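Here is a short walk through the model, one selection at a time. Open your viewer and follow along.

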Amino acid sequence: MAAVSGLVRRPLRQVTVRDAINQGMDEELERDEKVFLLGEEVAQYDGAYKVSRGLWKKYGDKRIIDTPISEMGFAGIAVGAAMAGLRPICEFMTFNFSMQAIDQVINSAAKTYYMSGGLQPVPIVFRGPNGASAGVAAQHSQCFAAWYGHCPGLKVVSPWSSEDAKGLIKSAIRDNNPVVVLENELMYGVPFEFPAEAQSKDFLIPIGKAKIERQGTHITVVSHSRPVGHCIEAATVLSKEGIECEVINMRTIRPMDIETIEASVMKTNHLITVEGGWPQFGVGAEICARIMEGISEKLVLEYSQAVINIVYLNTYWIRRLKARGGQMTTFNLSCIQFPGCSRCSCHWC
Amino acid sequence: GGGLTPQATPVLLGRPGHPEQAGGHPHRQQQFSSLEDKPQFPGASAEFVDKLEFIQPNVISGIPIYRVMDRQGQIINPSEDPHLPQEKVLKFYKSMTLLNTMDRILYESQRQGRISFYMTNYGEEGTHVGSAAALDTTDLVFGQYREAGVLMYRDYPLELFMAQCYSNVSDLGKGRQMPVHYGCKERHFVTISSPLATQIPQAVGAAYAAKRANANKVVICYFGEGAASEGDAHAGFNFAATLECPIIFFCRNNGYAISTPTSEQYRGDGIAARGPGYGLISIRVDGNDVFAVYNATKEARRRAVAENQPFLIEAMTYRIGHHSTSDDSSAYRSVDEVNYWDKQDHPISRLRHYLLGRGWWDDEQEKAWRKQSRKRVMEAFEQAERKLKPNPNLLFSDVYQEMPAQLRKQQESLARHLQTYGEHYPLDHFEK
C-alpha cells in the first residue's frame with residue numbers, strides 16, 4: 001500500500017483501482033491533518049466496498065468517522081466542517097443515495113463560494129461509486145455525471161484506471177473547490193499497471209484534462225469511467241479490420257476538456273460518445289452540442305446526432321453502420337459526417 | 001403590578017368559528033386571558049417554573065419493555081395472555097419456522113452463485129408475525145427489507161418468494177429488482193424500495209388517503225433503528241401527528257445497521273423515546289415475544305383506526321444473521337454475542353416452549369414439520385431454478401403507463417438485433 005519515493009526508476013506494478021484510491025486518501029490524510037473522511041461504515045468496517053481499508057486503524061476516530069444513516073445529515077455536517085476550515089472527504093455508499101443529500105451538495109457546497117462574495121470557500125470532496133453495478137436494479141445503478149456536471153461551482157471527475165483514481169482523488173482533495181469524484185464499483189477490483197510517477201506521494205492528475213488512451217485516425221471515441229475499458233476492447237477488435245479508433249478518456253466531466261475532443265474530431269471526422277448514463281441531457285449530448293457549436297465554424301455539419309448509451313460498446317454497431325452505408329440508425333449510434341471529410345479508408349460512408 | 005386594570009375583558013384568541021372539538025387534541029389553542037400570569041405562548045402548553053433545571057435524557061433506565069412471555073415461553077401476567085386459539089398460534093409458529101428454513105436455503109443459494117443477493121430474517125421472525133397477525137389482511141404494509149415474515153404470514157407462496165429472488169418468469173416484479181425486494185398488490189404489501197426510510201413519509205401519505213376515504217384501515221410502516229436516523233423519518237413522524245393519520249410506525253430495533261451499533265446510531269433512549277417528542281403515542285416491546293408484539297399491534301391498530309391517530313411501536317430484537325450476503329458480521333461482533341441470542345432468546349424457541357407447555361406441540365410434530373417445511377422449500381427452490389427468465393421485451397414496459405414511441409422503437413430494434421445476433425446471447429434462458 002505504501003508508495004516509496006526514490007531515484008531509481010521502479011518497474012511497473014499492478015494496483016487495483018480500490019487500492020489506488022486508498023493510497024491517494026492515505027497520502028492526503030498524512031499530508032494535511034485537516035483532511036478527514038466521513039460516511040457510513042467507513043471506519044472499522046473499512047468501507048462498504050473496502051475502499052477505506054486500514055485507514056481507521058491508522059488514523060483513528062478523529063480522522064475516519066462513521067456516521068448514523070442520514071446522507072442529508074452527514075453531507076450537511078461535512079459542508080459545515082469545510083466552511084469552518086477542515087477538508088472533509090464525504091463518502092456516499094453509492095451516488096444513488098446522494099440524492100437524499102443533493103441539496104447540501106448543490107445549494108450549499110456548489111453555490112456558497114459565489115453567493116458569499118468569495119468569503120466562504122467549501123473545500124470538500126464527495127466521493128463514492130457511481131453508475132451501474134451487477135444486477136443491483138434501478139435504484140442502485142444511476143449515473144450522476146450529467147446531474148452534477150450541470151452545476152457551476154462544482155468540479156466533477158470520473159476516473160477509469162488506477163492511475164486516474166489516485167491522481168484525481170489527490171487533486172480533488174487538494175482543490176479548494178467542491179469536487180465530486182464518481183468512482184465505479186465494478187472497477188474497484190480491477191488491477192492496472194501503475195507507472196512509476198503514480199507511485200509518488202505528489203502524483204496529481206490535473207482536473208479538467210482528458211487523456212488519449214489510444215491514438216487513432218479513423219474515428220474518435222469519447223468515454224468516461226468503466227466504459228473507457230470497453231471502448232479500448234472494441235478498438236482492439238476493430239483494429240484487426242483496419243479501423244483505427246482514437247479513444248479518449250475524459251477523466252473530468254466538469255470542467256470538460258472539449259479541446260482534446262475537438263482536436264481529435266478535426267483529425268478523424270467521426271465521433272462516438274459512450275457512457276453509462278441515460279442519453280437525454282447526458283454527457284454525450286453535451287459533447288455533441290459543443291462539437292456542433294465549436295467546429296461548425298470550421299466545417300459545416302450535415303447531421304445532428306444521437307449518442308450511444310450501451311454500457312458495452314460492441315463492434316456490431318460499428319459494423320452495422322458500415323454495412324448500412326453510413327446512414328444513421330434509429331437506435332443509438334452517433335456518427336457525425338462532415339462534408340469536408342476526405343472519405344477515409346474506413347469506408348464508413 | 002402589570003399595566004392592565006382589573007376591569008379589562010379577556011381577549012379570546014381561539015379561531016373564530018372553530019370551537020374546540022370534544023375529545024380533541026391538547027395542542028389546540030387555549031382561551032387567551034391577559035389577566036392571568038400563565039404562559040400564553042402558542043408554541044407550547046405548559047406551566048412556568050422558576051428553577052433552572054435541564055431535562056436529562058434518560059438512557060440508563062429508559063422506556064420499559066413490554067413483554068408477555070418470559071424467555072422460557074411462560075406467560076408472566078395471565079391478564080396479558082391474548083388467549084389465542086391453538087390454530088392461530090400454530091400458524092405463528094409455522095410461519096416463523098418456514099421463513100427460517102427458506103432463509104437458510106436462499107442464503108446458501110447466494111453463496112453458491114445461484115442468486116445474486118439475499119438478506120435473512122434470523123432472530124426477527126417474531127416482529128413480523130406478531131404484528132402481521134394483529135392486522136387486517138387488507139391493511140397496507142410498507143416495509144424496509146427485513147419483513148418477509150409479514151408476507152409469509154399473509155400466505156405469500158414460496159414459489160413467489162423464490163421467483164422474486166431468482167428474477168424468473170413468475171416474479172410479480174418482472175425480474176426488475178434485487179432479491180428480497182418483494183411486492184404484492186393482492187396482499188397489500190407495497191413493493192420494497194432500496195433507499196432507506198423513504199417508505200416512512202410515503203406510508204403516512206397512504207394513511208392520510210385511507211382516512212380521507214373512511215376506509216377503516218391502518219397502514220403499518222416497518223423500518224430499522226438505523227433507518228430512523230434518516231431525515232425522512234423525522235418528516236414522517238411529524239406529519240403523521242399533524243395530519244392525524246391512522247398509521248402504526250413499527251421500528252425493528254435489532255442492534256445493528258450493517259456494522260454500526262446503536263451506540264453510534266443514536267444517543268437518546270432508542271426510537272420509542274422520540275415518539276412523544278412528535279406527539280406520537282409510543283410503546284417499547286420485546287420483539288422476540290410474539291405475543292407482546294401481537295398485543296401491542298392489536299391495540300395500536302384498534303385505536304389508530306378509531307381515533308385517527310398515529311402510534312409508534314419500538315420492537316427490541318437482535319439481528320442474528322449478517323446484514324446481507326455482502327456482509328460478514330464476525331468482523332465487528334463476537335460469536336458469543338450472536339450465540340446468546342440464537343440460543344437463549346429466540347422468538348421461535350420461546351414460542352415453541354409455549355406450545356409445548358400448552359400441549360399443542362411435541363417433538364414428533366416438530367420433527368415432521370421440519371421435514372415437511374424443508375421439503376416444501378426445496379421443491380419451490382428447484383422449480384424456481386428451472387424456470388426461465390422474463391421476456392426481454394419487458395425491459396421496455398412500465399416506464400410509463402403508456403409506452404412512448406421512442407421506447408417502442410428501441411424494443412423493435414432489440415428484436416431485430418436479436419434476430420440477427422441472437423446466437424451470442426443466452427436466449428434459451430429467457431421466455432420467448
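Start by selecting residues 219–224 and 247–253 of chain B, which are strands β2 and β3. In this predicted model, six bridges pair these two strands in the parallel sense. Show side chains for a moment and pick out B:Y222: opposite this residue, in β3(B), stands B:F250.

Now widen the selection to the whole sheet. Which strands of chain B does the sheet hold, and in what order? Reading across, the order is β1-β2-β3-β7-β6, five strands in an open sheet with parallel pairing. From one strand to the next, the twist averages 20°. Look to the edges next: β1 (140–142) and β6 (281–286) of chain B each have a single partner strand, so one side of each lacks a neighbour in the sheet.

Keep the sheet on screen and add residues 290–307 of chain B, helix α9. This helix lies across β2, β3, β6 and β7 (311–316) of chain B, and its direction is at about 165° to β6(B).

Time to bring in the other chain. Select the residues where chain B and chain A touch: 33 residues of chain B are in contact with 23 residues of chain A. Between them the two chains bury about 2300 Å², with 52% of that area on carbon and sulfur atoms. How many salt bridges are there between chain B and chain A? The count is zero.

Move into chain A and select residues 87–91, strand β4. Why is this strand described as largely enclosed by the rest of the structure? Five of its five residues are buried, so the description follows. Rotate to view each face in turn: A:R87, A:I89 and A:E91 are on one side, A:P88 and A:C90 are on the other, and all are buried. In a regular strand, side chains alternate between the two faces of the sheet.

Add the partners of β4(A). Strand β2 (residues 35–39) of chain A runs parallel to β4(A) and is joined to it by four bridges; here A:L37 has A:I89 as its bridge partner. Strand β5 (residues 125–129) of chain A also pairs with β4(A) in the parallel sense, over three bridges, and A:E91 has A:R127 as its bridge partner.

Finish on helix α1 of chain A, residues 17–31. Its 15 residues should span 21 Å at 1.5 Å a residue, and the end C-alpha atoms are 21 Å apart, which agrees. Of these 15 residues 11 are buried, so the helix is largely enclosed by the rest of the structure. Among the buried ones to label are A:V17, A:I21, A:M25 and A:L29.

How values were computed:
Residues numbered from 1 in each chain as written. Chains lettered and ligands numbered in written order. Predicted model: local features only at pLDDT ≥ 70, side-chain atom pairs only at ≥ 80, totals over all residues. Heavy atoms only, no water. Expected span 1.5 Å × (residues − 1). Buried < 20%, exposed > 50% of the residue type's maximum accessible area, 1.4 Å probe, protein only. Pairing = 2+ DSSP bridges. Axes fitted to C-alpha atoms, helices over the stretch in contact; angles between N-to-C directions. Contact = heavy atoms within 4.5 Å. Buried area = accessible area lost by both parts, 1.4 Å probe. Salt bridge = Lys/Arg side-chain N within 4 Å of Asp/Glu carboxyl O.
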